[in-house]
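Grab a pencil and work through these exercises with the model open beside you. Each task comes with a solution that goes one step at a time.

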Amino acid sequence: MSSATQDLADLPNTAKFLKVALQSGNAPLVVKTDPQMLGDLPGGSSTTSTFITKINTDAKGGTYTLPLLLNYSYQDTFAQAGAIESIEYRYKTVALTLNIPITIRHEVSIDVISAEPEHLNAGTEGYLNLKINNTGSEDATQAIVKITRNGNSPVVPVDNSAYIGDFPAGSTASCRYKVSVSSSAEKQTYPVDVEVEYLNSEGDTVTSRSDTVGVPIGGKADFAIISAPAEMHPGNKEVISVEYKNTGDTTIYSAQSRISAVDPFSSSEDIAFIGDLQPGESRVVSYQVSVDRSATIKEYGLDSEIRYRDAVDNTYISDIMKVNVDVTATKGLETIITNPIYLSILAAAIIGIAYFIYHYRSRKQ
């Protein structure tokens, strides 16, 4: 009990220094607003106080009670010691709790349990396998699980919806989607948004809050030529061997390599079959290449590329690689053997010698 000398305007039914505070009680929410001071509230009058709350994402539908705490004082008694100016008023402090009912609607709330990539690499298409759980309190019907691109993520859905039908509260569903990955993607995890569209118990079509899940993406297919430069001489026609290595993170299928022979080179067999090539694996192929006898003595780089298929049978072409060919001068006997002029002279000499031997033997007979 407290006492003080007050103005006669204070009435016993006035709630003075009124303070209100809302609590969450057993409701699945958080009260974001602090307690509020509402001042004096005379009897028969009303005032309004606003509180901001946030419903938990895993909140179950139903009716809950929120405790509203009120603290105030009111005039209880008074005593007059003499003149009216010396009247002493006594006040009591009251703590009161009011129960405020709140209803949270039943709805589907999803939790993505797993997101498993299937042949998902930078610059390719593959599949995303999701397993989701209905953590809400609504039994959904005619449910469709949708995935959408998250911002500028390089993971872009090709098929963005999967029909799962009935999706009761507490149940789990599995979905599979075809997605593409931008060639600019790195070997890391990228986000995808997941939501469920369904019919609720009132027959309305509604959409759940989305859940964002990370999808691991592998590095892109890449290749390198690891064989030493081929050596050729002007005027030669040779079979050169080239070794290609899969330096990427994904297996390629039914691969073919091609070499572009430009002046002073030509090729009658410029395509070679590689087949399937796993990451880190290499394979040697051969091309038949000719070099003009007027070719400059130096090292040349011939363009080469690989055409291949991914795990879902899409066709791709690799970046251009250089097949190095070192054109060197011929020496000694090799010069004679490989030079067409010398070969013509040698052939004429052999024919002459053969003719001489033939006539010589004829005379002796």
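Let's begin with contacts along the chain: among those between residues at least 6 apart in sequence, 65% join residues at least 24 apart. Keep in mind that this is a predicted model.

**Exercise 1: the overall make-up**

Task: find how many helices and strands the chain has, and what percentage of its residues count as buried.

Solution.
- Step 1: go through the secondary structure, and you get 2 helices and 26 strands.
- Step 2: now look at burial. The chain has 365 residues, and 34% of them count as buried.

**Exercise 2: two open sheets**

Task: work out the strand order of the open sheet that contains S8 and S9, and say which strands stand at the edges. Then do likewise for the open sheet that contains S19 and S23.

Solution.
- Step 1: the sheet with S8 has 4 strands in the order S8-S9-S13-S11, and the pairing is antiparallel.
- Step 2: S8 and strand S11 (155-157) each have a single partner strand, so they stand at the edges, with one side of each left without a neighbour in the sheet.
- Step 3: from one strand to the next, the twist in this sheet averages 40 degrees.
- Step 4: zoom in on S8 and S9, which are antiparallel and joined by 8 bridges. Here Ile110 stands opposite Asn134 in S9.
- Step 5: on to the open sheet with the order S17-S19-S23-S21, which has 4 strands and antiparallel pairing.
- Step 6: strand S17 (223-225) and S21 are the edge strands here; each has a single partner strand, so one side of each has no neighbour in the sheet.
- Step 7: the twist from one strand to the next averages 40 degrees in this sheet.
- Step 8: S21 and strand S23 (residues 282-291) run antiparallel, with 4 bridges between them. Ser267 has Val289 in S23 as its bridge partner.

**Exercise 3: a covered strand**

Task: is strand S2 (residues 15-22) mostly covered or mostly uncovered? Which residue in S4 stands opposite Lys19?

Solution.
- Step 1: 6 of the 8 residues in S2 are buried, which makes the strand mostly covered.
- Step 2: S2 runs antiparallel to strand S4 (residues 36-41), and 4 bridges join the two.
- Step 3: look across from Lys19 and you'll find Met37 in S4.

**Exercise 4: nonpolar cores**

Task: in the largest nonpolar core, which residues touch the most other members?

Solution.
- Step 1: this core has 30 residues, and the ones that touch the most other members are Leu130, Phe167, Tyr177, Val194 and Val196.
- Step 2: among the elements that give two or more residues to it are S8, strand S9 (125-134) and strand S13 (172-181).
- Step 3: take Leu130 as an example. Leaving out residues up to four places away in sequence, its contacts include Val112, Ile147, Tyr177 and Val194.
- Step 4: don't stop there! A second, separate core has 28 residues, including Ala255, Leu277, Val291 and Val323.

**Exercise 5: ring against ring**

Task: what kind of pair do the rings of Phe265 and Tyr300 form?

Solution.
- Step 1: you need the distance of the centres and the angle of the planes, since these describe a pair of aromatic rings.
- Step 2: the centres of Phe265 and Tyr300 are 5.1 Å apart and the planes are at 85 degrees, so the pair is edge-to-face. The cut-off for that label is over 60 degrees.
- Step 3: Phe265 is in strand S21 (residues 265-269) and Tyr300 is in strand S24 (residues 298-309), so the pair ties together parts 35 residues apart in sequence.
- Step 4: check burial too: both Phe265 and Tyr300 are buried.

**Exercise 6: two loop residues**

Task: are Ser109 and Ala311 buried or partly exposed?

Solution.
- Step 1: Ser109 is in the loop between strand S7 (87-104) and strand S8 (110-118).
- Step 2: the relative accessible area of Ser109 is 11%, and the cut-off for buried is under 20%, so Ser109 is buried.
- Step 3: Ala311 is in the loop between S24 and strand S25 (315-317). With a relative accessible area of 38%, Ala311 is partly exposed.
- Step 4: beyond four places in sequence, Ala311 is in contact with His119 and Tyr253.

Definitions and conventions
Residues numbered from 1 in each chain as written. Predicted model: local features only at pLDDT ≥ 70, side-chain atom pairs only at ≥ 80, totals over all residues. Heavy atoms only, no water. Phe/Tyr/Trp six-rings, centres within 6.5 Å; stacked < 30°, edge-to-face > 60°. Buried < 20%, exposed > 50% of the residue type's maximum accessible area, 1.4 Å probe, protein only. Pairing = 2+ DSSP bridges. Core = buried A, V, L, I, M, F, W, Y, C linked by side-chain atoms within 4.5 Å. Contact = heavy atoms within 4.5 Å. Axes fitted to C-alpha atoms, helices over the stretch in contact; angles between N-to-C directions.
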